[in-house]
Amino acid sequence: MLLSVSAVSIPAFAQEEGAGFENFLLSSPSIVSPSQHYQVTAGRFEALAGLLSGSYEVKPGGTEIDLEGQSLAAAYHQALGQMVLGADIHYDTSKQEGGGFDLEGSETAIRPSLAFAISPIFSLGASINIFSGEDDYPTGSESYNYNTFTVGGTLHQGPWEASLALSTANEDDDKSSANAPQTIIVHGRYKVLPVLALGLRYDQADYPGIEQPTQTLETETSYSLILESAVSDNSRVEVAFRSFSNSSGIDGSDLTQIFLSGGFDLAPNMELGAQLQFVSGESDTSESSITGYALTFAMIN
């Protein structure tokens, strides 16, 4: 499995007038559907650079595997009347080493997207998710390519927003890295104060729908509590607490993630952000601990 800083959704912000909510579209945990790109009312460029490091201990022998990874990502979205057209690209690398185990991987993901405002309070969105990558083992390398699709809808009015998103699955009997479960995400948030929004998110990944000849997989579920706050006129923070059950479809594998993010305006249309995440997990066969760091940049034109 390829490790990714951006894939675990470290949040940040990019403020824009005229929208009830404003987020860093590349990685905010509050962004679950391309229909939420209704936020964009002009043009928006975003970039992210991140690192992660950590380890996991294999039970019962106690063998420790070291983990490290890097992520680069960029996106551009442009409002065109009732539509928002956009695309983002992510490039991630990872390395796992220790106890005679050695795996390196890289993956590129490209996601063209479209959001369309059906009415002032309802938008639809869709994206094509194009993946390609390579895993390098001591015995050789394996490359893979696959596509999935995401569709979603968002209701939004004043201080509240509700979104639903569905992503299709991909199954490959020969290449494990090309397997992706069907996922459903439900998200809602409400501004309890003009400077504070509270959000809840539920994810479900249908791993049993991916046939694995050597392993029986379970449905992964996760619950998230997300807080977004404007500390001042030119600075913002976002915090997310996420809890996963049957992580990656492994029965009894529990995972906890904590995301911290802060951003401040370098200029009225430009923002710089810093992000931090902590991930800890435990299952019958291993314990893991990962820390991730990232810098973000957003510009509105």
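Which residue in β6 is the bridge partner of S123? I looked this up in the model, which is a predicted one, and found that T154 is the partner.

**Entry 1: strands β5, β6 and β7**

I then examined the two strands as a pair. β5 and β6, the latter covering residues 140-157, are antiparallel and share 16 bridges. I noted that the hairpin from β5 to β6 passes through two residues.

I followed T154 to its other neighbour. On the side of β7, T154 stands opposite S163. I recorded eight bridges between β6 and β7 (residues 160-167), and these strands also run antiparallel. Two residues lie between the strands in the hairpin of β6 and β7, and there G158 has a positive phi near 60 degrees.

**Entry 2: the loop after β11**

I next looked for positive phi values in residues other than glycine. N246 is one of them, with phi near 55 degrees. S248, likewise not a glycine, has a positive phi of about 60 degrees. I placed N246 in the loop between β11 (235-245) and β12 (254-267), and S248 lies in the loop between β11 and β12 as well.

Is N246 buried or exposed? I entered N246 as buried because its relative accessibility is 18%, and buried means under 20%. S248 has 24% relative accessibility, so I entered S248 as partly exposed.

**Entry 3: a negative patch**

I turned to the surface. E57, E64, D66, E68, D102, E104, E134 and D136 form a negative patch there. The elements that each give two or more residues to this patch are β2 (63-80), β4 (101-119) and β5 (122-137). Which of the elements gives the most? I found that β2 does, with three residues.

I checked one member, D102, in greater detail. D102 belongs to strand β4, and its relative accessible area of 30% makes D102 partly exposed.

**Entry 4: a nonpolar patch**

I also found a nonpolar surface patch of about 660 Å². I listed its residues as I121, L155, W160, Y190, V192, L193, V195 and L198. Strand β8, residues 182-193, gives the most to this patch, with three residues.

I chose Y190 for a closer look and located Y190 in strand β8. Why does Y190 count as partly exposed? I reasoned that its relative accessibility is 43%, and partly exposed covers the values between under 20% for buried and over 50% for exposed.

Terms used
Residues are numbered from 1 along each chain as its sequence is written. This is a predicted model: local features need pLDDT of at least 70, side-chain atom pairs count only at pLDDT 80 or more; totals for chains, interfaces and linings use all residues. Side-chain values use heavy atoms; hydrogens and water are left out. Patches are made of residues with over 30% relative accessible area and no salt bridge: like charges are joined within 9 Å, nonpolar side chains (Val, Leu, Ile, Met, Phe, Trp, Tyr) within 5 Å. Accessible areas come from the Shrake-Rupley method with a 1.4 Å probe; for residues, only the protein chains shown count as cover. A salt bridge is a side-chain nitrogen of Lys or Arg within 4 Å of a carboxyl oxygen of Asp or Glu. Lys and Arg count as positive and Asp and Glu as negative; His and the chain ends are not counted. The place of a charge is taken as NZ of Lys, CZ of Arg, CG of Asp or CD of Glu. Helices (H or I, at least four residues) and strands (E, at least two) are DSSP runs, numbered from the N terminus. Buried means under 20% relative accessible area, exposed over 50%, partly exposed in between (1.4 Å probe, protein chains only). Two strands pair if DSSP finds at least two bridges between them.
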